[in-house]
Amino acid sequence: MSKYTGGCHCGAVKYEVETDLEKVIECNCSHCHKKGFLLTFVDKDKFAIISGADNLSEYQFNKKAIRHLFCKTCGVQSFAEGISFPQIAINVRCLDDVDTKSLSIEQYNGKDI
Ligand SMILES: [Zn+2]
């Protein structure tokens, strides 16, 4: 496991996460597709917000299984919090110093679930 930092575009929202980036998915559901996410999931105790918790707004849809949290200033959704499962979804594109081209990315068929 390595420690990464990540956050939104404007810098208001910052977090720290421990992950090995072993499983990264690109999901084709209506939401992930439009936002262009590359996601990895971590247990909540591997994730900590450093700043900007009060600058987050929330979006939920469909089964409301996930709190989609985005920066009120720049709109970037750098992570999401599971409601029906105890994990955080990390937007790997929002991690500092990660070359997404070097990752093996699994295609996930969220559209048909
Ligand atoms: Zn921001």
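So, the zinc site: in this predicted model, the zinc ion sits in a tetrahedral site, with angles of 106 to 120° among its four donor atoms. Who are the donors? They're the SG atoms of Cys8, Cys10, Cys71 and Cys74, and they lie 2.2 to 2.4 Å from the zinc ion. If you like to read these things as a pattern, the spacing along the chain is C-x1-C-x60-C-x2-C.

Look at where two of those cysteines come from. Cysteine 8 is in the loop between strand E1 (2–7) and strand E2 (14–19), while cysteine 74 is in the loop between strand E7 (66–71) and strand E8 (79–82). That's 66 residues apart, so this pair links distant parts of the chain. Is cysteine 8 buried or exposed? It has 13% relative accessibility, and because the cut-off for buried is under 20%, cysteine 8 counts as buried. Cysteine 74 is at 28%, so that one is partly exposed.

Okay, on to the nonpolar cores. The largest one has 21 residues, and Phe79, Ile90 and Leu95 are the ones with the most contacts inside it. Strands E2, E7 and E9 (87–91) each give two or more residues to this core. Isoleucine 90 has quite a list of partners once you leave out residues up to four places away in sequence. Among them are Tyr15, Val17, Leu38, Leu39, Val42 and Phe47, and also Phe79 and Leu95 from that list of top contacts.

There's a second, separate core too, with eight residues, including Ile25, Cys29, Cys32 and Phe37.

Now, two cysteines in that second core might make you think of a disulfide. How many disulfides does the structure hold? Zero. For cysteine 29, the nearest cysteine sulfur belongs to cysteine 32, at 3.8 Å. A disulfide here needs the sulfurs within 2.5 Å, so that pair doesn't make the cut. Cysteine 29 is buried, by the way, with a relative accessibility of 16%.

Last residue: asparagine 91, which lies in strand E9. Buried or exposed? Buried, with a relative accessible area of 7%. And what is asparagine 91 in contact with, leaving aside its neighbours within four places in sequence? Tyr15, Phe37, Leu38, Leu39, Gln77, Ser78 and Phe79. Some of those names came up a minute ago: Tyr15, Leu38, Leu39, Ser78 and Phe79 are also touched by isoleucine 90. Phe37, meanwhile, belongs to the second core.

Conventions: Residues numbered from 1 in each chain as written. Predicted model: local features only at pLDDT ≥ 70, side-chain atom pairs only at ≥ 80, totals over all residues. Heavy atoms only, no water. Donors = N, O, S within 2.8 Å, 3.2 Å for Na, K, Ca; no water. Tetrahedral: all angles 85-135°; square planar, octahedral: opposite > 155°, others 65-115°. Helix = DSSP H or I, 4+ residues; strand = E, 2+ residues; numbered from the N terminus. Buried < 20%, exposed > 50% of the residue type's maximum accessible area, 1.4 Å probe, protein only. Core = buried A, V, L, I, M, F, W, Y, C linked by side-chain atoms within 4.5 Å. Contact = heavy atoms within 4.5 Å.
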